[in-house]
Amino acid sequence: MNRRDFHELASMGIIGSLLASTSKRPGTSLKANSDLIKPQRLLPGDKVGLITPGSYVPDIGYEKALNNLTQLGLQVVPGKYVREKRGFTAGTDEQRLEDIHTFFEDPSIKAIWCARGGYGCSRLLPNINYELIRNNPKILIGYSDITALLQAIFLRTGLVGFHGPVAAATWTPYTVQHIKGVLFDSFTKPYVINLATEELTPEREHFKPYSIQAGKVSGRLMGGNVSLLAALAGTPFAFDATDKLFFMEDIDERPYSLDRMFTQLRQSANLHKAKGLILGVFEGCNPKKDEESLSLKETIFDRLSDLNIPSVYGLSFGHVPNNFTLPIGILAELDTENKTLTYLESPTA
């Protein structure tokens with residue numbers, strides 16, 4: 001997956017339990033799943049730690065990261081090793097782990113934002129201090145290679161993580177709207193996410209949404225980048241898609257490669273037992289001209305349509321500018337006909 005070159009850029013009964021509060025950090029405290037740990041929501045002026053747990057972030061990306069977070073009204077605290085570079089990773093494993101652990105342990109830091117993905121997060125998983133994280137829950141956000149961190153931490157601690165824009169990406173108004181809606185706001189009613197429409201043009205066929213199997217279904221969100229999800233198979237951090245609303249995205253993978261990874265997930269993660277499948281925009285994943293290949297759409301139908309569960313392609317997330325934030329572990333509802341995803345509980349406390 002060529003992430004390094006990318007611009008990095010319920011049921012209705014649940015709804016009645018969405019409560020508002022007037023305290024400094026109101027949020028909600030929905031424990032529909034007793035094992036779920038919800039971090040505190042963000043407030044303007046909060047301090048956030050900036051880390052590079054995967055690959056090095058170049059100067060232009062680093063400046064963009066600082067500007068994006070500052071524009072949200074946040075105080076940015078760079079990690080000690082955020083600008084380190086060691087080949088294809090941002091410093092040694094020990095350095096990147098130290099930044100993660102330092103920010104989780106520091107009570108003044110309210111969230112940890114990954115500057116970029118790239119490669120390297122999966123190397124860290126065996127040595128993460130999961131007890132430290134469980135005892136100091138806070139927002140961790142990123143996507144692409146950050147999938148490995150989000151999934152491992154959720155599986156080992158129950159902490160809701162956030163599959164959302166890395167700090168060095170280009171953020172559109174749509175992206176910022178859902179960052180604020182998910183990380184800053186207190187839910188008083190279900191949170192509905194609609195498609196971003198400006199990229200739905202005839203020449204950008206891979207942005208066009210479609211139902212793979214029609215239906216409306218609710219379940220707990222799990223997923224991330226297909227390459228990373230497949231790479232976790234057979235490790236202590238492998239996951240089970242049973243009863244989950246399972247979401248996936250990727251970039252610059254040829255259809256045969258996606259076929260291989262979808263096949264691996266079918267055979268290793270009980271994909272057929274998921275409640276539903278949510279696919280984002282798969283940028284750069286159509287075959288090359290004159291290549292003997294199925295198209296992206298044909299590959300998706302070939303590998304996923306026979307699962308016979310509600311499934312949709314083309315919701316507005318992935319390695320694309322319009323990228324909404326998905327909280328891992330919360331209850332949500334997928335409507336394939338209307339191409340909407342609705343959060344039925346707050347992801348923050």
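## Pairing in the first sheet

Two strands count as paired if DSSP finds at least two bridges between them. By that test, β3 and β4 are a pair: three bridges link them, and they run in the parallel sense. Keep in mind as you look around that this is a predicted model.

These two strands belong to an open sheet of six strands, ordered β2-β1-β3-β4-β5-β12, in which the pairing is mixed. The sheet ends in β2 (75-78) and β12 (326-327), edge strands that each pair on one side only. Strand β1 (residues 47-51) runs parallel to β2, and four bridges join the two. If you want a spot to find on screen, Val48 stands opposite Val76 in β2. Helix α2 (residues 59-71) packs on this sheet and touches β1, β2 and β3 (109-114). The direction of α2 makes about 160° with that of β1.

## A closer look at β4

Strand β4 is a good place to zoom in. On the β3 side, Ile112 has Leu140 of β4 as its bridge partner. On the β5 side, two bridges join β4 to β5, and these strands run parallel. Here Ile141 is partnered with Phe162 in β5.

Which way do the side chains of β4 point? Ile139 and Ile141 point one way, Leu140 and Gly142 point the other way, and all are buried. In a regular strand, side chains alternate between the two faces of the sheet. Helix α6 also packs on this sheet, touching β4 (139-142) and β5 (162-163), with its direction at about 150° to that of β4.

## The second sheet

There is another open sheet to explore, with eight strands in the order β6-β14-β13-β8-β9-β10-β11-β7 and mixed pairing. Its edge strands are β6 (191-193) and β7 (210-213), each of which pairs on one side only. Direction ignored, neighbouring strands in this sheet are turned by 30° against each other on average.

Strand β9 has parallel partners in β8 and β10. Six bridges join β9 to β8 (residues 216-225), which runs parallel to it; Leu221 has Leu245 in β9 as its bridge partner, and Gly224 stands opposite Met248 in β9. Four bridges pair β9 with β10 (residues 276-279), again in the parallel sense, and here Phe247 stands opposite Ile278 in β10. Strand β9 is mostly covered, with five of its six residues buried.

## Helices α7 and α9

Helix α7 (residues 173-184) lies across β6 and β14 (340-343), and runs at about 160° to β6. How well does its length fit the expected rise? With 12 residues at 1.5 Å a residue, α7 should span 16 Å, and its end C-alpha atoms are 15 Å apart, so the two values agree. The buried residues of α7 are Tyr174, Thr175, His178, Ile179, Gly181, Val182, Leu183 and Phe184. They pack against β3, β4, β5, β6, β12 and β14.

Helix α9 (residues 255-268) has 14 residues and reaches 20 Å from its first C-alpha to its last, close to the 20 Å expected. Buried in α9 are Pro255, Ser257, Leu258, Met261, Phe262, Thr263 and Leu265. Their cover includes α8 (226-232), β9 (244-249) and α10 (296-304). After α9 comes Asn270, which has a positive phi, near 55°.

## The nonpolar core

The largest nonpolar core has 106 residues, and those touching the most other members are Trp113, Phe246, Met248, Leu341 and Tyr343. Helix α6 (residues 147-157) gives the most to this core, with six residues. Both domain 1 (47-169) and domain 2 (191-343) contribute, with at least three residues drawn from each.

## A buried lysine

Where does Lys38 sit? Its place is in the loop between α1 (12-15) and β1. Why is Lys38 called buried? Its relative accessible area is 7%, and buried means under 20%, so Lys38 qualifies. Lys38 and Ile330 are 292 residues apart in sequence, yet 9.3 Å apart in space, C-alpha to C-alpha.

Methods: Residues are numbered from 1 along each chain as its sequence is written. This is a predicted model: local features need pLDDT of at least 70, side-chain atom pairs count only at pLDDT 80 or more; totals for chains, interfaces and linings use all residues. Side-chain values use heavy atoms; hydrogens and water are left out. A nonpolar core is a set of buried Ala, Val, Leu, Ile, Met, Phe, Trp, Tyr and Cys residues joined through side-chain atoms within 4.5 Å. Buried means under 20% relative accessible area, exposed over 50%, partly exposed in between (1.4 Å probe, protein chains only). Domain bounds come from an automatic or database domain assignment. Contact means heavy atoms within 4.5 Å. Axes are lines fitted to C-alpha atoms, for helices over the stretch in contact, and angles run from 0 to 180 degrees between N-to-C directions. The expected span of a helix is 1.5 Å times one less than its number of residues.
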